[in-house]
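Colleague: Could you take a close look at one sheet for me, and then set it beside the interior and the chain contacts?

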Amino acid sequence: MRRWILLSLSTALFFSTAIAQERHKGLTETARITGQVTEATSGKPIIGANVLLRGTMLGAATDSRGRFTLSHVPPSTYTVRVSAIGYKLEEKTIRVLPDVEIDLRFSLKETVLLMDGIAVTASRYQQSLEDIPVSLNLVPAQEISERNITSLDHALRYVPGVNALEGGQITIRGSSGFNFGMGSRVLVLLNGNPFMTGDNWDVSWYSIPFSNIKQIEVMKGSGSALYGSSAMGGVINIITDEPEEGSHIDVRTYTGFYGRPSYSEWRWRDKTNHFEGTAVDLSTHLGPVSTFLSSNYQATTGYRENDDHRIFNFMATLGYRFNANLRFDLMTGYGRKKGGFFIYWQDLQNPYNNGSDSEDSHTRSTLKNTYAFPSISYILSNRIFLSLKGRFRNTKTEDHWQAKTEGAPEEAEAFRMSSVKTRGGEVQLNYQINAQGIVVAGCDLQKDKVESIQYDTCQVSKGSYYIQYEQRFWGKLKATIGVRYDWEDAQEISQGYSQESTLQHVQIDPTGELSRKLGLNLSPMQGTNIRFSMGEGFRTPAVVERFVDTYTSGLRVAPNPDLKPEKSTSVEIGIKQALTNSMNVDLAVFYNKYTNLIEPSLASTGPGENPIVQFDNVSKARVQGLDLSYRTDWWSNLASTRLGYTFIDTKDLSQGEDYGASLKYRSKHTLYFANDITFNPLSFGIDLRYLSKIERVDEYHKVYIKDIEELVPTYVVALRFGVSWEHFSVRLLVDNLFQYNYLTAPANIGPPRTGVFQVNMNY
Amino acid sequence: MYRRHFKVLSRIKLFVFLVLLFAACDKGLFPPEIPRIALNFPITPEGGDPTGAWVPHTTNPVDVGILDEEILSYLDSLVINTELSGEFFFSAAESCFVHAFMTMHALAYPQGITTPITYSIFDTIYGEGHYQVIDDVALHLPVKSTNFRLDTLGFTAHQNDLNFITLPNTFDYMGIMEIPLYFVFHLVRSNEKALSKTESTFHLYHK
């Protein structure tokens with residue numbers, strides 16, 4: 001501990017000295033750069049374009065008039081880079097003199113080149129996609145709206161290499177199998193704040209409003225060198241948008257219907273299953289103050305038995321810009337999901353009936369999530385950027401029995417309950433050490449206190465230090481090197497739930513993990529970008545995996561405090577190539593190696609005794625494959641075609657009878673296709689998702705889930721039709737057009753044909 | 001350059017078209033076929049329309065029949081008390097909800113022995129989902145029952161009553177003998193009072 005305090009103090013001393021020096025320099029003679037960004041063809045202002053002085057921390061986003069301002073710019077020669085999604089980036093070199101105001105004009109041409117986006121996840125600061133050494137995909141807000149996405153995890157179903165399974169579980173390039181959402185090997189962030197629950201280590205998708213999303217960034221490969229635990233398969237960062245200048249109201253409402261199941265044998269309900277929702281957003285951006293309020297209500301009967309639920313979420317953000325360099329932000333929100341709990345089907349004869357409920361009772365579940373993320377962003381000088389973030393989060397899950405007779409109330413006492421209080425914070429400092437080099441360093445502390453019926457009270461304290469250095473050479477090659485050290489201290493304070501429990505105040509030995517990364521990015525010519533990356537990842541066991549002590553389907557699930565962290569190493573080589581001005585292709589070949597993978601398994605307790613279920617470090621594995629994305633615009637951008645294909649070859653390297661077999665619950669081939677035609681004000685789109693049949697299922701799941709081996713590939717075709725005017729749009733969507741009976745997860749049948757009618761209004 | 005562009009594009013379109021075509025033809029998962037069983041009811045069911053909500057008859061909800069005459073010849077008397085509670089709901093769209101509880105207490109006096117042999121059976125009949133009419137006279141129900149196979153029932157439905165006839169079931173008496181028997185459930189259309197438990201006692205056999 002003493003070593004940590006000394007290290008912290010010396011780090012703080014180093015940075016404070018550097019900050020003081022830079023601050024002194026920065027406060028002397030400065031200049032101001034203003035300007036406007038417009039579309040080259042129409043001359044209309046581009047809102048939200050990113051303006052960056054290359055080689056500095058100084059940057060801004062354009063307002064509703066396309067204007068931007070950069071204050072306190074020290075005299076020097078700079079390259080101003082302007083970029084926006086869907087437009088070709090533009091650069092201008094300027095010379096800044098003391099006490100002079102420079103006004104610039106940028107006219108951006110439309111393009112489809114994917115490398116012209118901006119992302120923050122790869123290096124914890126804004127970068128053009130062409131500078132990033134790892135595979136990173138963007139899901140823009142437009143896609144979320146066009147597909148009537150009602151849960152953000154569904155928006156990820158069209159990202160190459162990503163699979164969103166039932167229960168909100170995300171897997172990237174086969175990093176995870178199927179574990180009912182628990183113990184995610186993909187880290188999900190909301191504006192850079194970890195959004196994983198402290199007990200199950202899953203994601204509370206229901207509490208994230210989707211109406212003010214700017215983009216979702218999906219970084220593939222092990223990313224623990226910057227983000228720590230859980231970033232084994234990749235990192236998903238949901239970025240919210242800053243309110244536009246002025247006051248605005250945005251209303252979205254939709255209603256939809258599920259078709260009848262394909263076979264009369266499967267019809268479990270006489271009435272038509274339906275869903276509906278309304279979201280209202282209010283935003284104000286006046287001078288230095290910006291506020292955003294979003295409320296969202298969704299209700300569904302579900303298309304399966306005991307799958308009905310209601311979701312309410314609310315988000316409020318407050319931004320205050322003290323001056324051009326200092327800004328305070330607060331994001332706070334609340335989400336609640338209440339309804340049925342469908343885990344797996346009864347059997348293939350009754351796939352829409354709930355197999356996880358007891359004979360005479362349904363499980364009703366209530367999930368709550370309250371969060372507050374305050375942050376301060378401070379540009380100390382043109383070379384130093386400081387960010388302070390706090391995180392306060394409470395989550396609670398309660399399961400109650402409800403008799404199956406009509407009108408029966410839920411039982412008052414929960415039979416499963418878990419609540420988590422998360423408190424944490426992060427300091428990050430970006431230091432531009434020269435015109436082509438930047439250091440990103442920081443530390444992160446978090447404490448989770450978990451109270452649960454299943455494992456009483458547990459506490460997990462974790463902390464980390466990280467540092468990354470990026471340097472550009474000869475203007476064409478960029479190298480990245482980074483390292484992060486994480487430590488964790490976990491303990492169970494009181495006795496477990498079941499009578500057999502022998503755990504009492506278990507103190508786990510603190511664990512420490514070192515993660516490293518190396519990245520290279522080469523742009524030998526315009527339109528060509530070659531990348532190489534190598535990274536390490538790990539995931540410390542979730543509280544539920546380590547301490548759970550309960551019964552499920554008659555089997556005892558016993559704790560295992562001796563679980564060790566999972567680890568991964570990933571290597572990737574990729575190339576982005578613009579084939580024409582309106583067509584590009586991205587190909588990546590990857591190799592990931594996993595050790596100490598945590599999985600539930602059946603364990604024997606002795607002759608004649610019933611086996612127990614226990615999470616254990618049972619397997620090591622490798623996953624190799626390739627990602628291919630292709631995009632083209634044609635007929636003067638009236639139409640676009642996107643194609644994503646991922647091939648993974650998995651191999652279980654655990655000693656024993658499974659050696660050499662493919663990993664469980666992975667699809668070897670995934671293919672996404674989207675085609676859009678826009679002829680203002682009309683738009684038409686078609687989407688296709690294909691996933692090949694998974695090859696293996698878990699022996700443990702076969703014990704209690706009937707027909708789990710009944711597997712098929714996935715073919716889902718969706719149609720979109722829309723009419724948009726300036727303040728009003730109407731959309732009609734049909735999902736699963738051909739009424740294909742597929743699986744969203746093993747023993748979970750997907751929705752039948754679904755129709756949605758959506759209306760948007762904004763002023 | 002544009003020629004190459006359209007060449008790539010046309011190949012992608014062709015590939016996607018083929019996938020779409022395949023998706024349109026394939027239907028994915030389908031229900032497994034119900035194993036065909038020989039319908040051999042001890043009483044001939046007449047069929048009819050089972051649609052509606054049904055509850056046990058208030059005075060005589062269950063009849064029990066023993067199929068082996070030889071067993072009866074060893075007894076002086078056999079008294080059976082049955083109880084049936086719950087409800088049976090069948091929709092026109094072939095979905096059903098069945099939730100019932102049956103008890104049977106048997107009191108048998110073997111020949112020349114004054115101390116009776118008693119035997120009790122408790123059975124929960126529960127299910128929800130799709131039902132199927134087989135050969136116009138039998139129903140295949142998505143039910144689970146504890147002791148007897150009650151998922152395939154012959155039926156005779158009239159305006160206000162519905163009778164279910166079970167296939168012959170065998171119950172094991174203390175490992176000594178197997179007794180083949182069947183049940184006939186007598187149901188009436190549901191009304192507010194009929195949901196309570198009903199029972200009947202009858203001498204099935206008396207010399």
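**The open sheet of chain A**

Modeller: Strand β1 (residues 31–39) of chain A runs parallel to β7(A), the two being joined over eight bridges; strands here are DSSP runs (E, at least two residues), numbered from the N terminus, and two of them pair if DSSP finds at least two bridges between them. The model is predicted, so that local features need pLDDT of at least 70 and side-chain atom pairs count only at pLDDT 80 or more, while totals for chains, interfaces and linings use all residues. Residues are numbered from 1 along each chain as its sequence is written, with chains lettered from A and ligands numbered from 1 in the order in which they are written.

Within the β1–β7 pair, Gln36(A) stands opposite Arg105(A) of β7(A). Both strands belong to an open, three-stranded sheet of chain A with the order β4-β1-β7 and mixed pairing, in which β4 (67–73) and β7 (101–108) are the edge strands, each pairing on one side only.

Turning to the contacts between chains, 33 residues of chain A are in contact with 27 residues of chain B, contact requiring C-beta atoms, placed from the backbone, to lie within 7 Å. The elements that give two or more residues to this side of chain A are β23 (350–354), β38 (639–652), β40 (682–691) and β41 (714–724) of chain A, and the largest share, three residues, comes from β23(A).

As for the interior, Ile216(A) touches Val139(A), Ala155(A), Leu156(A), Ile236(A) and Ile238(A), residues up to four places away in sequence not being counted.

Methods: Two residues are in contact if their C-beta atoms, placed from the backbone, lie within 7 Å. Helices (H or I, at least four residues) and strands (E, at least two) are DSSP runs, numbered from the N terminus.
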